[in-house]
Structure formats: structure tokens, C-alpha cells
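Dear colleague,

Please find below the structure that I am handing over to you. I would be grateful if you could read my notes alongside it.

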Amino acid sequence: MFERFTRGARATVKGAVAQAERAGAASVTEEHLLLALLEQDGSRASFALASLGLPRRRASLEAAFTEARRRGGLTRADTEALAEIGIDIGAVVSRVEGAHGEGALAAGRTDRRWWSGHRPFTPGAKSVLERSLRIVLGRGDRSIGEEHLLLALTATPGTTADVLAEHGASYATVHRALYGPEADGQGHAKAG
């Protein structure tokens with residue numbers, strides 16, 4: 001699949017690996033893919049991100065990811081569903097952190113493979129890459145670009161899509177920013 005990636009999409013994937021290395025993470029996540037996209041310039045995705053105001057709200061995005069890690073990676077929908085049956089995730093997190101220290105529910109930041117320099121992609125990050133290929137095929141495009149990675153990040157259920165939506169970047173808003181208001185679900189201009 002990597003052979004179908006544009007130069008910019010390859011740079012984004014390599015940037016995600018660099019993001020994981022800087023963070024001391026054992027694996028590359030969807031969050032790292034998004035942060036790498038935020039560092040890209042001159043691409044269709046970077047223009048869409050800028051039009052949605054995400055680069056200037058990077059600190060807010062990172063804070064939302066930090067909070068999601070504190071919740072053990074639970075999405076807002078998970079947290080709300082648990083609240084409906086009487087489970088207060090905030091209280092659970094507070095108790096666990098009180099007993100085991102701040103960030104106790106966050107996924108481990110390192111593992112034994114770290115020394116090798118190889119950082120595998122999490123299942124969620126792999127899912128984003130696979131979804132980007134499905135988006136390309138659905139649109140009839142020839143290669144996977146940064147814009148397809150961005151759409152896949154918004155379309156893949158999980159914390160990253162939730163954080164993006166909280167910051168005004170849902171699949172629909174990103175799609176409009178990329179292809180304009182006249183594009184249908186496949187990105188083609190509607191006949192009028």
C-alpha cells in the first residue's frame with residue numbers, strides 16, 4: 001500500500017514516526033499521524049487544516065489528547081455511555097491516580113522493543129492507513145495523499161476523531177474544506 005502514497009503522505013507517515021520518537025512512545029498512534037499532518041505545509045490537507053483553524057489550536061488538541069490518555073483512551077462517547085449507567089469516569093480516574101499516580105491509566109509510553117528503534121503502528125493507526133486507501137478507491141483517485149489521511153483520521157472511530165470533531169473538524173467539515181460545499185460524499189461536484 002505504501003507505494004500508492006504521494007511524497008507528502010510518505011512524509012506524513014515518517015513525521016508520525018518522528019512524533020512518536022520525540023514523545024518517547026513505544027508505537028505510532030493516530031495522534032502522531034495528526035500531529036505530523038499539522039506540521040506539513042503546502043498540501044491540500046494543510047490548507048484544509050488551516051481553514052478550520054487547527055494549527056493555531058495545536059495546544060488545545062494536545063491537551064485534549066492528554067486528557068483522553070488520562071481516561072485510558074476512552075472516547076467522549078464511551079465516557080457518556082458509562083455515565084448513563086452511573087459510572088463516573090472522572091471519579092474512577094481520580095481514584096486510580098490517587099492510588100497509583102498521575103497518568104496511571106495512560107497507555108505505557110515505552111516497551112522492550114523501544115531500544116531497536118522500530119516503532120510499530122497501533123491497530124488504530126493501521127486502521128487509518130487502511131481507511132485512507134478505501135477513501136482513495138471510493139473517490140476514484142490514483143494515490144493516497146495527505147488529504148486522504150486527514151479524512152481517514154476523521155472517519156475512523158476513536159479518540160482522534162472525537163478530538164478533531166470537538167475542534168470543529170468532523171468528516172463533513174474536513175470534506176467541505178478539501179473539496180468545497182458543492183462536492184457530494186465522494187468528492188465529486190454535484191450536477192446542478
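The notes below cover the overall fold, the interior and one region of the surface.

Please bear in mind that this is a predicted model. The chain has ten helices and zero strands. Of its 192 residues, 42% are buried. Among contacts between residues at least 6 apart in sequence, 61% join residues at least 24 apart. The chain exposes about 10,300 Å², of which carbon and sulfur atoms supply 53%.

Turning to the interior, the largest nonpolar core contains 37 residues, and the members that touch the most others are F5, L37, L38, L54, L149, L150 and L153. At least two residues of this core come from each of α1 (7-23), α2 (30-39), α3 (44-51), α4 (58-70), α7 (123-139), α8 (146-155), α9 (159-166) and α10 (171-179). The largest share, six residues, is supplied by α2.

L149 may serve as a point of entry when you inspect this region. Leaving aside residues up to four places away in sequence, L149 touches F5, A9, T12, L37, V128, L129, S132 and I144.

On the surface, I85, I87 and V92 form a nonpolar patch, with about 260 Å² of accessible area together. I85 lies in the loop between α5 (76-84) and α6 (89-100). Its relative accessible area is 64%, so I85 counts as exposed, the threshold being over 50%.

With kind regards

Note on methods: Residues numbered from 1 in each chain as written. Predicted model: local features only at pLDDT ≥ 70, side-chain atom pairs only at ≥ 80, totals over all residues. Heavy atoms only, no water. Patch = residues over 30% accessible without salt bridge, like charges linked within 9 Å, V, L, I, M, F, W, Y side chains within 5 Å. Areas by Shrake-Rupley, 256 points an atom, 1.4 Å probe, with all protein chains shown as cover. Salt bridge = Lys/Arg side-chain N within 4 Å of Asp/Glu carboxyl O. Helix = DSSP H or I, 4+ residues; strand = E, 2+ residues; numbered from the N terminus. Buried < 20%, exposed > 50% of the residue type's maximum accessible area, 1.4 Å probe, protein only. Core = buried A, V, L, I, M, F, W, Y, C linked by side-chain atoms within 4.5 Å. Contact = heavy atoms within 4.5 Å.
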